[in-house]
Amino acid sequence: MRKPIIAGNWKMFKTRDETLQFIYAVSNRVASIEKVDSVICAPFPVLRCLVKRQGDNLRIGAQNMHFAEEGAYTGEVSAAMLNSIDVSYVIIGHSERRAMFNETDETVNKKLHQAFKHELKPILCVGESLAQRESGSTEKVIEDQIKKDLSGLSKEQVEGLVIAYEPIWAIGTGKTATSAIADETCGFIRKVVGDLYGMETAEVIRIQYGGSVKLSNIDELMSMPNIDGALIGGASLVAEDFIKLVAAAVK
Ligand code: PGA
């Protein structure tokens, strides 16, 4: 039995005051939903005030990090820095970073190794564009991403990883993949992980769906056998909605 995991991806939203308002409204209520791991992935400046409210079922994550240990990388943040303030998770390879900030499978792979080195749990994002889906190359694109992104990781590391399947055409567009498409692709990701690391690992790894997940579609998505949770952008920003999304993930 895989424990469902709901992660909010705040992207570049919320000041400190907005963050405090949100976390006071959410933390106790979400922490009491013991059957779900909930994660809030927030911008760097507010991570410190969020980690103080961390508990067993509510963890805090960053949305990116650099792959180097330290160095002359103006504007970047290291895995050791995140670990030193008790951040638990980090999103790696989000499609917005791949599209706008030169993230490649090579940097994603280096970041995964570095995150594990500093005991951060990565949420690895993979997914195809609309053109790739329409030309029938979804599986090839995703298999390629997974092979390159996971290169050199151990079985134990991969078992601690969360993979988020996020079709680029469904992110922030209001277009959700049908639950059948989402489940089929998450199942395919599980198969690729199984081919690389064995069936035991494929059974353990948690795979989320992401892309316009909201209150009206979470129940159906969570009812699918290969979907273990969701990575949620827009709908995770409203406290009451986030609590309901976490509650809906109880399987
Ligand atoms: P969305 O974003 O829920 O706003 O579509 C999801 C994501 O980018 O992780």
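Strand 5 (residues 121–126) is mostly covered, five of its six residues being buried, where buried denotes a relative accessible area under 20%, exposed over 50% and partly exposed in between (1.4 Å probe, protein chains only). Helices (H or I, at least four residues) and strands (E, at least two) are DSSP runs numbered from the N terminus. The model is predicted, so that local features need pLDDT of at least 70 and side-chain atom pairs count only at pLDDT 80 or more, whereas totals for chains, interfaces and linings use all residues. Residues are numbered from 1 along each chain as its sequence is written, and side-chain values use heavy atoms, with hydrogens and water left out.

Strand 5 pairs on the one hand with strand 4 (residues 89–92), in the parallel sense and over four bridges; pairing requires that DSSP find at least two bridges between two strands. In this pairing Val90 stands opposite Pro122. Strand 5 is also joined by four bridges to strand 6 (residues 162–165), again running parallel, and here Ile123 faces Val162 of strand 6.

Strand 1 (residues 5–9) is largely enclosed by the rest of the structure, because five of its five residues are buried. Both of its faces are covered, with Ile5, Ala7 and Asn9 buried on one side and Ile6 and Gly8 buried on the other. Five bridges connect strand 1 with strand 2 (residues 37–41) in a parallel arrangement, within which Gly8 lies opposite Ile40. Between these two strands the chain passes through helix 1 (residues 16–31), and the resulting β-α-β crossover is right-handed; that is, with the strands pointing away from the viewer, the path from the first strand over the helix to the second runs clockwise. Strand 1 pairs in addition with strand 8 (residues 229–232), in the parallel sense over four bridges, and Ala230 of strand 8 is the bridge partner of Ile6.

The disulfide count is zero, a disulfide being a pair of cysteine sulfur atoms within 2.5 Å. For Cys41, the nearest cysteine sulfur is that of Cys125, 8.9 Å away. The separation is too far for a bond, and Cys125 therefore has no partner in Cys41, its closest cysteine by sulfur position. Cys41 counts as buried at 0% relative accessibility, and Cys125 is likewise buried, with a relative accessible area of 2%.

Cys125 also appears in the lining of the largest cavity, together with Gly93, Ser95, Arg98, Val126, Gly127, Gln145, Glu166 and Ile168. Helix 4 and strand 5 are the elements that give two or more residues to this lining. Cavities and pockets were located on a 1 Å grid over the protein atoms alone: a cavity is a set of points where a 1.4 Å probe fits but cannot get out, a pocket is an open set with protein on both sides within 12 Å along at least five of seven lines, and lining residues have an atom within 4 Å of a point. One cavity of 30 Å³ or more was found, and the largest cavity holds about 40 Å³ of space.

The largest pocket contains about 430 Å³ of space. It is lined by 15 residues, of which Lys11, Met12, Gln63, Arg97 and Phe101 are the closest to its centre. Helix 4 (residues 95–100) supplies the largest share of this lining, three residues.

Key. Points joined across faces, edges and corners; volume = space filled by probe spheres on them.
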